[in-house]
Amino acid sequence: MIRLHDEELEQAVIDLRENGKLLGIAESQYEYLIAMQKTTKATIFLETKDHKLTIKEREAIAETHKDVVKYIPLIKEQKQKYIALRHRISSILENTNLWRTRSANLRGEKKLYGELS
C-alpha cells in the first residue's frame, strides 16, 4: 500500500510550486525564442525585397540565414526543458492522486469495519 506521510505531502506541494514556476519560465523562454526566430526571418525577408528575387527565393534565403538557423538548437533545448517540467509535474500529481485514491479506499474499509469513529 502506498502511504504518504505529512512531510512527503508537504514536499509534493513544494515541488509542485517550484516546478510550476520553472515551467512558466521555461515555456515563456521557448515562446520568446520562437517569436525572435520569426521576427528575424521576417526582417531578413524584407531586406531582400530589392534584389529582384521571387518570393520563394526570398523565403529560402530568410529561412536558411545564419541568424535564423542559430535559433533552432536553442528552441530545441528550451522545448525539452519545458516538456520535462510538464512531465515532472504530471508525475507528482499522479502520485498524489494515487495516494488520495488509496487513502480514501482505506478509510472506506475502516469505516465499513467500524475502525474509524
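Let's start with aspartate 67, which pairs with lysine 66 in a salt bridge; their closest N and O atoms lie 3.5 Å apart. Keep in mind as you look that this is a predicted model. How exposed are the two partners? Aspartate 67 has a relative accessible area of 28%, so it counts as partly exposed. Lysine 66 reaches 62%, which makes it exposed. The cut-off behind that word is a relative accessible area over 50%.

How many salt bridges does the structure hold? There are two. Besides the pair you have just met, the side chains of lysine 81 and glutamate 77 form a salt bridge, with 3.8 Å from N to O. To find this pair, go to helix 4, which covers residues 71-112. Lysine 81 and glutamate 77 sit four residues apart in this helix, so about one helical turn separates them. Lysine 81 is partly exposed, at a relative accessible area of 42%, and glutamate 77 is also partly exposed, at 43%.

Now move to helix 1, made of residues 6-47, and look for glutamine 37. Is glutamine 37 buried or exposed? Its relative accessible area is 16%, so glutamine 37 is buried; the word applies to values under 20%. Which residues does glutamine 37 touch, leaving aside those up to four places away in sequence? The answer is Val68, Tyr71, Ile72 and Ile75. Try picking out these four on the structure above, starting from the side chain of glutamine 37 in helix 1.

Technical notes
Residues numbered from 1 in each chain as written. Predicted model: local features only at pLDDT ≥ 70, side-chain atom pairs only at ≥ 80, totals over all residues. Heavy atoms only, no water. Helix = DSSP H or I, 4+ residues; strand = E, 2+ residues; numbered from the N terminus. Buried < 20%, exposed > 50% of the residue type's maximum accessible area, 1.4 Å probe, protein only. Contact = heavy atoms within 4.5 Å. Salt bridge = Lys/Arg side-chain N within 4 Å of Asp/Glu carboxyl O.
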